[in-house]
Amino acid sequence: MMFKSKLKEAIICFKAGRVTMPFPLGPELHPPGDGFRGKIEVDMEKCIGCGGCANVCPARLIELSDSETTRIIEYFLKRCTYCGRCAEVCPEDAITMTREYQLATNDNNDLYIRNELYMGTCGRCGRCFKPQSALDKMMVTGFRQKTEGK
């Protein structure tokens with residue numbers, strides 16, 4: 001009795017034909033639609049280092065650390081939940097959600113982004129800010145030195 005039902009089930013399965021897609025070597029038949037939130041992408045040139053993305057990230061994958069003149073922003077993408085909050089709050093649109101969803105990897109460095117920003121410090125409050133001129137971006141502190149007698 002049991003053998004007969006299993007044989008019947010196998011015949012039904014063979015009649016259905018192929019129901020799976022050849023992944024990952026086959027063509028992508030159904031690309032993600034509009035509004036899909038895949039891997040985040042960070043445009044280092046647009047980032048001003050405000051840290052808004054780190055403040056709203058529920059998974060805490062964005063970590064900030066400051067040295068005297070440099071702000072280091074690290075993105076540990078293996079913790080990302082693809083909520084997209086970081087992209088929503090970025091005032092410069094430096095973070096975008098791509099349609100990339102095939103993120104399986106054996107190397108943790110594939111899911112890690114490090115951004116170092118040279119930041120000037122405010123003479124009054126000491127907070128860091130992104131320098132406005134190209135000369136300030138030369139990452140040289142104390143560019144002008146006082147000469148004695150002047």
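Let's start at one arginine: the side chain of R71 comes to 2.4 Å from the backbone oxygen of G49. The model is a predicted one, and this contact is a good place to enter it. The side chain of R71 has a second partner as well, for a polar contact of 2.8 Å joins it to the side chain of D66. R71 itself belongs to strand β3, which covers residues 70–76. Is R71 buried or exposed? With a relative accessible area of 14%, R71 is buried, because the cut-off for that class is under 20%.

**The overall layout**

Stepping back from R71, the protein contains three helices and seven strands. Going along the sequence, these elements come in the order α-β-α-β-β-α-β-β-β-β. Of the 150 residues in the protein, 27% are buried.

**Salt bridges**

How many salt bridges does the structure hold? There are five. Side chains of opposite charge can pair when their charged atoms come close. Three of the pairs are set out here, with the distance between the nitrogen and oxygen atoms.

| Pair | N to O distance |
|---|---|
| R79 and E63 | 3.4 Å |
| E74 and R114 | 3.4 Å |
| R114 and E116 | 3.0 Å |

Take R79 and E63, whose side chains meet in a salt bridge. This pair links distant parts of the chain, with R79 in the loop between β3 and α3 (85–89), E63 in strand β2 (residues 62–66), and their positions 16 residues apart. R79 is partly exposed at 35% relative accessibility, and E63 is also partly exposed, at 34%.

Now look at E74, which forms a salt bridge with R114. Here too the pair links distant parts of the chain: E74 sits in strand β3 and R114 in strand β5, 40 residues apart. What is the relative accessible area of E74? The value is 16%, so E74 is buried. R114, on the other hand, is partly exposed, with a relative accessible area of 41%. R114 also forms a salt bridge with E116, and E116 counts as partly exposed at 46% relative accessibility. Through these shared partners, salt bridges join E74, R114 and E116 into one network.

If you have the structure open, strand β3 is a handy thread to follow. The buried R71 lies in this strand, and E74 of the network is in strand β3 as well.

**A patch of negative charge**

On the surface, E41, D43, E45 and E100 gather in a patch of negative charge. Where does D43 sit? Its place is in the loop between β1 (40–42) and α2 (52–56). D43 counts as partly exposed because its relative accessibility is 31%, a value that lies between the limits of under 20% for buried and over 50% for exposed.

**Q102 and a link across the sequence**

Q102 lies in the loop between β4 (95–97) and β5 (112–118). Which residue does the model place 8.7 Å from Q102, counted between C-alpha atoms? That residue is K39, and the two are 63 residues apart along the chain. Q102 is partly exposed, with a relative accessible area of 44%.

**Two residues with positive phi**

The backbone has a couple of spots to look at too. Most residues other than glycine have a negative phi. Y82 is not a glycine, yet its phi is positive, at about 60°. Y82 lies in the loop between β3 and α3, the loop that also holds R79 of the salt bridge with E63. At 27% relative accessibility, Y82 counts as partly exposed.

D93 has a positive phi as well, near 55°, and is likewise a residue other than glycine. Where is D93 found? D93 lies in the loop between α3 and β4. At 48% relative accessibility, D93 is partly exposed.

**Bringing the picture together**

Strand β3 holds R71, whose side chain reaches the backbone oxygen of G49 and makes a polar contact with D66. From E74 in strand β3, a salt bridge runs to R114 in strand β5, and the network takes in E116 too. The loop between β3 and α3 carries Y82 and also R79. On the surface, the patch of negative charge includes D43 and E100.

Definitions and conventions
Residues numbered from 1 in each chain as written. Predicted model: local features only at pLDDT ≥ 70, side-chain atom pairs only at ≥ 80, totals over all residues. Heavy atoms only, no water. Patch = residues over 30% accessible without salt bridge, like charges linked within 9 Å, V, L, I, M, F, W, Y side chains within 5 Å. Areas by Shrake-Rupley, 256 points an atom, 1.4 Å probe, with all protein chains shown as cover. Salt bridge = Lys/Arg side-chain N within 4 Å of Asp/Glu carboxyl O. Lys, Arg positive; Asp, Glu negative; His and termini not counted. Charge placed at Lys NZ, Arg CZ, Asp CG, Glu CD. Helix = DSSP H or I, 4+ residues; strand = E, 2+ residues; numbered from the N terminus. Buried < 20%, exposed > 50% of the residue type's maximum accessible area, 1.4 Å probe, protein only. Polar contact = N/O pair within 3.5 Å; in protein donor to acceptor, adjacent residues only side chain to side chain.
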